[in-house]
Amino acid sequence: MENRLFTKDTQAIFWNNNKSAIQRMLDYDYVIQREKPSVAAIVAPTSSNKFEKFFYGPDEIMVPVYRSTKEAKAAHPNADVLLNFASFRTAYDVTMEALDIGGFRVIMITAEGIPERLARIMNHRARKEGVTIIGPATVGAISPGAFKVANIGGTIENIVKSKLHRPGSCGLVTRSGGLFNELSNIIALNADGIAEGVAIGGDRYVGSVFIDHLLRMEQNPDVKYMILLGEVGGIEEYKVIEAVKSGKIKKPIIAWCIGTIAKHFSSGVQFGHAGASANAERETAEAKNAAMREAGIHVPTSFNDLPKVINEVYNKLKKEGVISEIEEPAVPEIPKYRRPKNFICTISDDRGEEATYAGFPISSVATPDTGKTIGDVISLLWFKKVYPRWAVDFIETVLKTVADHGPAVSGAHNAKVTARAGKSVVESLVTGLLTIGPRFGGAIDGAAYYFKYAYDNNMSPKEFVAYMKKQGIPIPGIGHRIKSVRNPDKRVEGLKKYAAEFFPSTSLLDYALEVEKETTAKKDNLILNVDGTIGILMVDMWRALGYREKEIDEFIKSGTLNAFFILGRTIGFIGHILDEKRLAMPMYRHPWDDILYDVQKAEEI
Ligand code: ACO
Ligand code: LMR
């Protein structure tokens with residue numbers, strides 16, 4: 001692995017939501033039939049998106065989006081390449097932060113114009129830590145058939161034409177990205193394509209230089225010979241000459257330094273790249289070409305002769321049996337027209353022979369012989385996880401606990417009145433469900449939110465009660481119309497007993513019970529109610545299951561906890577509605593004597 005820049009398992013974190021470049025990487029992945037996408041995550045600091053959709057062949061896939069490199073790396077520890085597509089203003093900070101985080105093997109920096117002083121600091125630090133920097137000012141690198149950085153190689157048609165979709169036997173190093181593409185094409189026409197290629201970038205101070213890559217390629221068994229395309233300016237080519245002379249590099253090298261035209265100008269001309277300007281005779285393309293030729297490197301007489309030399313070296317190696325014939329792989333076609341999908345489903349799939357819940361065929365969870373219960377089904381369909389028995393059983397205990405609380409409670413009453421008005425099961429049920437809210441049954445999310453907030457912020461129970469009073473908010477999960485210290489809610493007792501026996505820890509519940517002591521000291525009925533107990537214990541459950549705080553907060557924010565009451569109480573509401581239907585009760589009218597009429601005659605204004 002250390003000898004190869006990338007493999008088919010390499011995954012990158014892409015800094016900046018550069019959709020077209022990422023799409024090109026995924027198109028490449030599809031063509032070479034990678035198992036995992038080459039982009040594991042995107043970092044987009046100002047985005048509120050959780051993922052971005054991309055085409056993968058004719059289908060679409062989702063790539064997660066994070067606000068920081070730190071978050072992305074924590075969620076994708078195996079992604080050891082950072083593709084830094086930040087602007088020249090930000091690229092330095094992004095690189096330095098990635099080096100602080102650690103775990104990146106390769107960092108590629110595309111920005112052009114990073115101040116040279118900063119580039120040197122950045123390059124020096126990376127080299128010290130053994131991190132390969134590619135760039136700045138580069139299109140990157142490619143290991144054909146394994147991994148391709150962003151736009152290198154151009155369009156997918158060009159990639160296939162240049163045989164960059166499967167490994168060949170040349171190791172290619174250039175400065176320029178444009179010439180890299182040109183060379184890939186020449187190599188495809190005159191030899192069998194490339195095994196690994198890097199465009200090191202055009203800036204004066206780039207993080208890795210020719211010799212770094214050539215030494216690695218010398219060790220890479222896929223590389224049989226190397227091509228170096230240097231340019232006027234700098235002395236990096238001399239390090240290569242040294243390595244050849246000392247025997248560190250034994251594989252054949254073909255090289256050419258562009259910029260021989262420079263000698264026809266009277267003063268030092270700088271070409272397109274910041275580094276492409278000769279400051280001394282030694283740095284001219286002419287001098288470097290001559291020195292390389294002298295060291296035994298294959299140097300053509302002109303750039304026009306380069307294809308011929310490549311062909312000669314390639315044929316020789318083939319004759320010697322160093323290079324063998326490549327069997328051309330089939331190239332899956334990317335459809336011309338692709339339609340983005342309007343809906344996404346991540347929980348179930350009905351397309352196969354048998355529908356699945358989070359990957360489990362229904363038959364594997366439905367019948368009693370599977371040993372699975374409704375709690376298991378909820379863990380699959382609501383949380384896309386297989387929860388352990390104690391958690392699954394807790395979910396079921398909650399559902400059974402809240403299934404009904406008699407006809408007098410707000411929701412059941414409304415459902416009954418609606419059924420008696422002649423409405424259907426679904427209409428009556430919906431009426432009952434619509435009653436669930438912050439006062440009745442729907443205080444579970446609020447309870448989890450506020451108790452968690454108070455506990456995490458180290459508020460004492462007294463401080464928490466005072467805080468909520470100051471906010472003017474009744475503490476969700478505290479108080480009951482009929483239950484009290486003297487008339488305890490047996491449902492709450494049951495849930496607490498279950499948790500004490502089966503939960504690994506109940507720290508939030510323990511805290512809530514201290515809060516309850518404060519509130520019941522004020523008023524007998526300000527007990528920790530059934531909503532509160534459920535919300536708080538669910539947080540304890542998720543913490544014990546290893547969820548991150550952010551995930552738990554998201555569950556709370558999206559109303560997941562109230563959903564347990566909604567689902568459980570649906571059972572009771574339907575019972576009451578069917579009861580009404582069976583009894584064929586007439587329409588209900590509330591008695592006058594139960595209403596206080598206080599109607600004044602309206603004044604004219
Ligand atoms: N936190 C702090 N103080 C409270 C709370 C509370 N949650 N609930 C009531 N109080 C106080 C009131 O401020 C009031 O104080 P005061 O006498 O000093 O003025 C006193 O208790 C009585 O208030 P009421 O609103 O008359 O209390 P009631 O007993 O009628 O209300 C209710 C019960 C609606 C459940 C209430 O306690 C509440 O809103 N709780 C929070 C919401 C909640 O948890 N709902 C779920 C209940 S369980 C279920 O529905 C399945
Ligand atoms: C319920 O479960 O519906 C309640 O605890 C509310 C109530 O008033 O009994």
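Colleague: Why are helix 16 and helix 19 called roughly perpendicular to each other?

Modeller: In this predicted model, the axes of helix 16 (residues 444-456) and helix 19 (residues 507-522) cross at roughly 95°. Angles of 65 to 115 degrees count as roughly perpendicular, so the label fits this pair. The two axes come within 10 Å.

Colleague: Which residues make that contact?

Modeller: Helix 16 brings Phe451, Lys452, Ala454 and Tyr455, while helix 19 brings Ser507, Leu508, Tyr511, Ala512 and Val515. They divide into seven nonpolar, one polar and one charged. Tyr counts as nonpolar here, and Lys counts as charged.

Colleague: Helix 16 also touches helix 21. How do their axes run?

Modeller: The axes of helix 16 and helix 21 (residues 549-557) come within 9 Å and cross at roughly 145°. That value is a rounded one, and roughly antiparallel asks for angles over 145, so I'd leave that pair without a label.

Colleague: What makes up the contact of helix 16 with helix 21?

Modeller: Asp445, Ala448, Tyr449, Lys452 and Asp456 in helix 16 meet Glu549, Ile552, Asp553, Phe555 and Ile556 in helix 21. The split is five nonpolar, no polar and five charged. Lys452 is listed in this contact and also in the one with helix 19.

Colleague: On to the ligands. What makes His405 a polar contact of ligand 2?

Modeller: An N or O atom in the side chain of His405 is 2.7 Å from an oxygen atom of ligand 2. The cut-off for a pair of N or O atoms is 3.5 Å, so this pair qualifies. Arg569 also has a side-chain N or O atom 2.7 Å from an oxygen atom of ligand 2, and for Arg491 a polar side-chain atom lies 2.8 Å from a ligand oxygen. Taken alone, ligand 2 exposes 270 Å², and the protein buries 83% of that.

Colleague: Which residues surround ligand 2?

Modeller: His405, Val409, Phe440, His480, Arg491 and Arg569. That shell divides into two nonpolar, two polar and two charged.

Colleague: How do you know that Arg439 makes a polar contact with ligand 1?

Modeller: Here a backbone N or O atom of Arg439 lies 2.7 Å from a nitrogen atom of ligand 1, and the limit is 3.5 Å. A polar backbone atom of Ile475 is 2.8 Å from a nitrogen of ligand 1, and a backbone N or O atom of Ile478 also lies 2.8 Å from a ligand nitrogen. Taken alone, ligand 1 exposes 920 Å², of which the protein buries 62%.

Colleague: How many residues surround ligand 1?

Modeller: There are 20, and the closest are Arg439, Ile478, Arg481, Asn525 and Asn529. By type, the shell has 10 nonpolar, six polar and four charged.

Colleague: What about the backbone: where is the cis peptide bond?

Modeller: The bond from Gly135 to Pro136 is cis, with omega near 5°. Pro136 is found in the loop between strand 7 (132-134) and strand 8 (140-143).

Colleague: And what is notable about phi of Asn16?

Modeller: Phi of Asn16 is near 110°, a positive value in a residue other than glycine. You'll find Asn16 in the loop between strand 1 (12-15) and helix 1 (19-32).

Note on methods
Residues numbered from 1 in each chain as written. Chains lettered and ligands numbered in written order. Predicted model: local features only at pLDDT ≥ 70, side-chain atom pairs only at ≥ 80, totals over all residues. Heavy atoms only, no water. Near = heavy atom within 4 Å. Polar contact = N/O pair within 3.5 Å; in protein donor to acceptor, adjacent residues only side chain to side chain. Areas by Shrake-Rupley, 256 points an atom, 1.4 Å probe, with all protein chains shown as cover. Axes fitted to C-alpha atoms, helices over the stretch in contact; angles between N-to-C directions. Helix = DSSP H or I, 4+ residues; strand = E, 2+ residues; numbered from the N terminus. Parallel < 35°, antiparallel > 145°, perpendicular 65-115°, else oblique. Contact = heavy atoms within 4.5 Å.
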